[in-house]
Amino acid sequence: MPTDASLPFAAPQDAAQKPVLEKIGLWLAPAEVFLIVLSLLTGALAATLALAFDQRVAWAEFLISFAPAIGLIGLGAYIRVKKQMHRAGLAAIGAGIYIGFSGVIAILIYLRFPISTPMIDTNLMRMDQWLVGYDWVSFVGFIAQYPDLGKILGWVYNTSLGQLFVVIFVLGFTGRTVQLHRVLVAGIISLLLAVAFWWAWPSVGPSAYFTLPTSTEQALGLVHGQAEGGRLLRMTQEGNALIAPGMIMGTIAFPSYHTVMVFLAICFVRGTVIFWPMVLLNIGMLPAILSHGGHHFSDLLGGVAVFVLAWLFAHWIVPNKAKDQQIKANA
């Protein structure tokens with residue numbers, strides 16, 4: 001069986017064992033370097049577009065928000081090489097990469113506003129009716145008949161990002177190098193695909209087009225209700241005078257990245273103690289995405305398609321030479 005050192009995307013060994021010119025490959029694994037470079041390129045694209053569009057961005061505030069990402073990557077590399085804490089380093093670097101990329105992609109998303117091209121929401125709503133007879137207002141009204149269930153779904157909806165960090169830390173601290181690198185690659189590539197599609201064919205979801213009864217919103221504690229939908233619609237028309245971290249909210253309807261996160265949270269943790277808890281938790285995520293996320297039904301289908309493409313890419317770029325490879329680590 002090959003060791004981790006022989007794997008293309010395995011964790012680095014002690015830096016003292018290699019010449020100076022090779023040390024970058026010892027502090028960071030190839031998958032990590034790939035994702036960091038991809039994050040930097042995405043940030044450079046965002047900065048270029050901000051200048052081209054003459055869009056003000058609170059760069060100083062964003063740089064402060066990137067500090068945890070930079071700190072986690074630096075700390076992870078240090079404890080991996082100097083302290084031989086390979087598993088902790090793997091988890092820290094993985095978390096840092098995802099935090100950092102999430103920040104730069106948020107800027108890129110908000111640079112799309114205002115939107116002068118036609119929105120595809122009307123087409124998506126027609127598709128929903130044709131496929132399954134889905135109507136967002138009716139669906140939310142049905143869920144509102146069971147307010148306790150609706151509030152639970154709201155809580156489930158808000159766990160998506162936290163679930164991904166649980167996945168990163170569990171895979172890191174159990175030494176599942178291949179699975180961790182795959183979930184990071186799939187998560188970042190799928191987000192890039194979703195943003196690219198949304199830039200070309202924008203949509204903001206049904207909550208921007210319908211007004212729900214106040215009693216319905218209050219009964220559910222709706223995450224994406226009339227206020228959030230109205231704000232999205234205003235941004236499509238007026239844009240934003242300043243893009244800052246505090247204003248960031250979900251904007252992409254089709255394809256649904258929350259749907260992608262459901263599969264990220266489940267498909268890469270098979271064989272770990274969190275697999276079945278993740279499956280059970282995410283059973284409720286699909287109705288939560290539709291109701292609290294203010295999504296079209298077709299958004300879910302788009303999310304599945306994006307995930308499949310990213311999953312295939314992750315398995316291609318992070319090959320599994322031996323089943324269930326484990327990183328060497330100090331207990």
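Before anything else, one definition: a pocket here is an open set of grid points, and its lining residues are those with an atom within 4 Å of a point. Keep that in mind. This model is predicted.

Let's start with the second largest pocket. Its volume is about 370 Å³. Which helix gives the most to its lining? Helix 3 does, with seven residues. Helix 2, running from 30 to 53, helix 3 and helix 4 each supply at least two. The lining has 18 residues in total. Nearest the centre of this pocket are Leu40, Phe66, Ile70, Gly100 and Val104. What is the character of the lining? Thirteen residues are nonpolar, five are polar and no residue is charged.

Now the largest pocket. About 990 Å³ of space lies in there. Its lining counts 36 residues. Closest to the centre sit Leu161, Ile248, Met249, Gly250 and His258. Four elements give two or more residues each to this lining: helix 3 (59-81), helix 4 (86-110), helix 8 (160-173) and helix 12 (257-267). Helix 4 has the largest share, eight residues. The lining divides into 22 nonpolar and 14 polar residues, and again no charged ones.

So much for pockets. Next, helix 2, which we met in the lining of the second largest pocket. Helix 2 has 24 residues. From first C-alpha to last, helix 2 reaches 34 Å, close to the 34 Å expected at 1.5 Å a residue. Which of its residues are buried? The buried residues are Ala31, Glu32, Leu35, Leu38, Ser39, Thr42, Gly43, Ala46, Leu49 and Ala50. Note Glu32 in that list. And what covers them? The cover includes strand 1 (56-57), helix 3, helix 4 and helix 9 (177-200). Just past the end of helix 2 comes Asp54, with a positive phi of about 55°.

One last stop: His295. Look in the loop between helix 14 (285-291) and helix 15 (297-317). Is His295 buried or exposed? His295 is buried, because its relative accessible area is 5%, and the cut-off for buried is under 20%. What does His295 touch, leaving aside its neighbours within four places in sequence? Its contacts are Tyr134, Trp136, Pro206, Ile252, Ala253, Ser256, Ile289 and Leu290.

To recap: helix 3 gives the most to the lining of the second largest pocket, helix 4 has the largest share in the largest pocket, and His295 is buried in its loop. That's the tour.

Conventions
Residues numbered from 1 in each chain as written. Predicted model: local features only at pLDDT ≥ 70, side-chain atom pairs only at ≥ 80, totals over all residues. Heavy atoms only, no water. 1 Å grid on protein atoms, 1.4 Å probe; cavity = no way out; pocket = protein on both sides within 12 Å on 5 of 7 lines; lining within 4 Å. Points joined across faces, edges and corners; volume = space filled by probe spheres on them. Nonpolar A, V, L, I, M, F, W, Y, C, P; charged D, E, K, R; others polar. Expected span 1.5 Å × (residues − 1). Buried < 20%, exposed > 50% of the residue type's maximum accessible area, 1.4 Å probe, protein only. Contact = heavy atoms within 4.5 Å.
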